[in-house]
Amino acid sequence: MNLILFIFIVLLGFTSYYFGRKKAYTIQSTNKRLTALPQFYGYYLAIWCAIPAFIIFSLWAIFEPTIVKLLILSDYSNQGYLDDELNLIYEKTKALSRGQFTGEITPFIEASAEKYLSLRSIAQSSKAVIVLSIIIASVAYAYKKISSNSRTREPVEKFLKAVLFTASLAAILTTVGIVFSLIFQTIDFFKVIPLFDFVFGTHWYPAKAFVRDSSEALDPTMYSDTFGAVPIFAGTFFIAFIAMCVAIPIGLMSGIYLAEYASVKVRQYAKPLIEILAGIPTVVYGFFAALTVGPFLKEIGNSMGLDVSAESALAAGGVMGIMIIPFISSLSDDVITSVPQSLRDGSYAMGATKSETIKKVIFPAALPGIVGSILLGVSRAIGETMIVVMASGLAANLTLNPLESTSTITAQIVVILIGDQAFGDPKTQAAFALGMSLFLVTLCLNIVALRVVKKYREKYE
Amino acid sequence: MNKNKEQLLNKRYKAEKRFRLYGQSAIFMALLFLTIFIFKIFSTGYSAFQKTWLIVPVTFDAELMMLEQNPSKEDLKDADYYDIALKSMADLDPNANENQENELKRMVSYFFEREIKRELLNDPSLIGKTKDVYLTASDDLDQVFKGNYPRDLPEDQRRVTDYQLKIFDQLVELGKVESKFNLSFFTYPDSREAELAGIASSFMGSIFSILVCLMIAFPVAVLAAIYLEEFAPKNRFTDFIEVNINNLAAVPSIVFGLLGLGILLAVFQLPRSTPLVGGITLSLMTLPTIIIACRASLKAVPPSIREAALAMGASKMQTTMHHTVPLSMPGTLSGTIIGLAQALGETAPLILIGMVAFVNTIPGSPLDPAASLPVQIYIWAESAERGFVEKVSACIMVLLGFLIIMNLFAQIIRHKFEKKWS
């Protein structure tokens, strides 16, 4: 029904475009000067067709369910039901009208369902009538306007500009969406668990919160020693540290080599090849870490008499480091190539070798950019999920031994939220609180890194 | 004194050589990782493209199938195939006792009944006759045949029994075991049984999510980029939008998953586990990538083009829409494809919005529950069965294949259609 109406309106839009243009040609044939190109007359009409339709459709989508619900529930209003019960009745009514109801059907609900269906069909047909009549009215109004040869290009362009502006708000809306989705659950979480326990507690056993009997009232004391995030934070930074131990030396040295030493040919092939590493999906790295690197490290450890967990932090961190190599190498390569040639020439003229020039002149000059690239790498390492989920442990141990397993923020979010979740459960809220801390940490890192890189670019431009 | 100088110079030259060597070894290490990685995936995965079949003579006994004289097509469809299927397996060893008959049955997939049925439906004249039918071998025997299963383990640690191995070896000797291209890997949906598991369901899930993602992200991103690059006044608000975009590009993907869960599922009540929600979530992630690419290619269009159009009397909007935007399209499109390739490999946000549910039907629309290729990799990688290891690698090969094709495509668009301004 909606689809047919939609197609009909689109067709109407095209026809009004056609009529608008035709009108412009007839005006032209009477030797009057047009105020804009003929197609603008068409666009003008089409916009007058689209805007009212869009407005009515969205208003309808917002208000129809509420009004229908009010009308249905008005039958029950003086029978002393609670709000929750009324909601339940309404849900039952909807399910029955869709034929998906499985419970016991009472005559009351059956009557409501019939009423619901009739209301829906009334709503649908009245929507069609209203939309069509308003569209026709507005198109007629616009047609009259273009007949008197008033301006059409300016309004059309203004409208287009408004559309462009709205699209550019999408980025802000996404950020707002992220903050909103995180903040309410996080606030609810901190109502049950004190912030202090979360930030400084050293025991993380979210499974404990799940065993609770749902009939019991929420008892905050039950959750003490359950949601202490220190082991998680420590594990996150520890694994990120291991990753950076792999990524910084290799990434930085290959960046320097590509920028300063490599011949054009080597650069042409080596650079894209290294960048392939950045294009491989993280789940593939996770599989590689879990299937190959983990058992390999365990074997080596066992042959040296060390007790290595198959899900060691070293395996996850090491593979994550490999993933980050291209980020650091590409960015530092860019940064080093943009150091002005005059600095190099000056150093060579003083008799310095190439490596001395790099170490003493170019590296200090490029340092802010390199630090920025490393910070971006750290932010990636902290936010990386699949490698840790698949290759590192899921139990949160507070340890600094790279051969044991630890867990990270991202892994815990996945562990908690995989499968069905109940909103309102402190365990689910804990995941959102973790997500909030992850978002804040990476946000700070990104802002600092982007600012450092930008400052650096400005310096040499 | 002179000697000291020479020593110093030698030392400096040596340091120079060492430093160069560090650089070379760093590149070498990075490339080595890549090689090991690809080698490992291919060496474990290539065997999944072959599937082992047992060729078993089946007698289509009308009596056992409960068929009457001259059955219609409907009768054939409703007939009982289980008994003849069971009997033909049991007939492999005439002296088998009841336990062994059970083991014989487990040498093939639980699909064997349907495979026999398909054979008869293709050729109804087979009733009363005996024919060799290809039956899918169980995943353990499949692995044995491919040499991935250690046969020297003690029997109680193996999932194949000695008896099954004995019969299997006899069949191999008779040439009744065949390895053929594994078409079902591409046409079957996911399954709990490794020998029947395919990527069709997750592949369709990926396609649908990417389409939804493209349909939302591309128009919005291009419009936003046009506004920011061509129309936006230089003020605080524009700066704020820009900071937002750059930050969003670096926000961890799992946070977008939380957004999908907290807003799309909880507030808007969109259906769980569907490519629709997955696609919307991915589109939010891809948005900044496309905006940045589109802005870069708009910026690369030389001002002379705009000035020429304006001088001819075109309005600002006409200049942008008729000249600047079409010229920037190659760069925008290749950026879009690269963004979609990233979205195609994304796993974590899809897990959070429930696309990990076990789906054993092929989704027909973005509103059906589905998995996606990377999520399928995750699901199979977490399964304990040996047969899934090669499936994971094969699935990775398919996924990497798609990513390579997309990236090549982006390169071609960029090099073929992009105008070089000099």
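Me: Which are the buried residues of α1(B), and what makes a residue count as buried?

Reply: B:F19, B:G23, B:A26, B:I27, B:A30, B:F33, B:I41, B:T44 and B:G45 are the buried residues of α1(B), where buried requires 20 or more other C-beta atoms within 10 Å of the residue's own, exposed 12 or fewer, and partly exposed the range in between, with C-beta atoms placed from the backbone. The model is predicted: local features need pLDDT of at least 70 and side-chain atom pairs count only at pLDDT 80 or more, whereas totals for chains, interfaces and linings use all residues. Residues are numbered from 1 along each chain as its sequence is written, while chains are lettered from A and ligands numbered from 1 in the order in which they are written.

Me: What covers the buried residues of α1(B)?

Reply: The cover includes α8 (230–261), α9 (264–279), α11 (313–337) and α13 (354–383) of chain A, together with α17 of chain B; these helices are DSSP runs of H or I with at least four residues (strands are runs of E with at least two), numbered from the N terminus.

Me: How does the reach of α1(B) compare with what is expected at 1.5 Å a residue?

Reply: With 44 residues, α1(B) reaches 64 Å from its first C-alpha to its last, close to the expected 64 Å, the expected span being 1.5 Å times one less than the number of residues.

Me: How many residues of chain B are in contact with chain A, and which helix gives the largest share?

Reply: Contact means that the C-beta atoms of two residues, placed from the backbone, lie within 7 Å, and by that rule 62 residues of chain B meet 67 residues of chain A. The largest share of the chain B side, 17 residues, comes from α1(B). That side divides into 47 nonpolar, eleven polar and four charged residues, where Ala, Val, Leu, Ile, Met, Phe, Trp, Tyr, Cys and Pro count as nonpolar, Asp, Glu, Lys and Arg as charged, and the others, Gly among them, as polar.

Me: Why are α6(A) and α11(B) called parallel, perpendicular or something else?

Reply: The axes of α6 (residues 170–192) of chain A and α11 (residues 253–265) of chain B come within 8 Å and cross at roughly 70 degrees. Such axes are lines fitted to C-alpha atoms, for helices over the stretch in contact, with angles from 0 to 180 degrees between N-to-C directions. Angles under 35 degrees count as roughly parallel, over 145 as roughly antiparallel, 65 to 115 as roughly perpendicular and the rest as oblique, and α6(A) and α11(B) are therefore roughly perpendicular. The residues of this contact comprise seven nonpolar, four polar and no charged.

Me: How do you know whether B:E346 is buried or exposed?

Reply: B:E346, in the loop between α14 (316–344) and α15 of chain B, has 28 other C-beta atoms within 10 Å and is therefore buried. Not counting residues up to four places away in sequence, B:E346 touches B:S253, B:L282, B:M285 and B:P374; B:P374 is 28 residues apart from B:E346 in sequence and 6.7 Å apart in space, C-alpha to C-alpha.

Me: What is the phi of B:Q269 and of B:S273, and which is buried or exposed?

Reply: Most residues other than glycine have a negative phi. B:Q269, however, has a positive phi of about 60 degrees although it is not a glycine, and phi of B:S273 is near 65 degrees. B:Q269 lies in the loop between α11 and α12 of chain B, and so does B:S273. B:Q269 has 8 other C-beta atoms within 10 Å and is therefore exposed, whereas B:S273, with 21 C-beta neighbours inside 10 Å, counts as buried.
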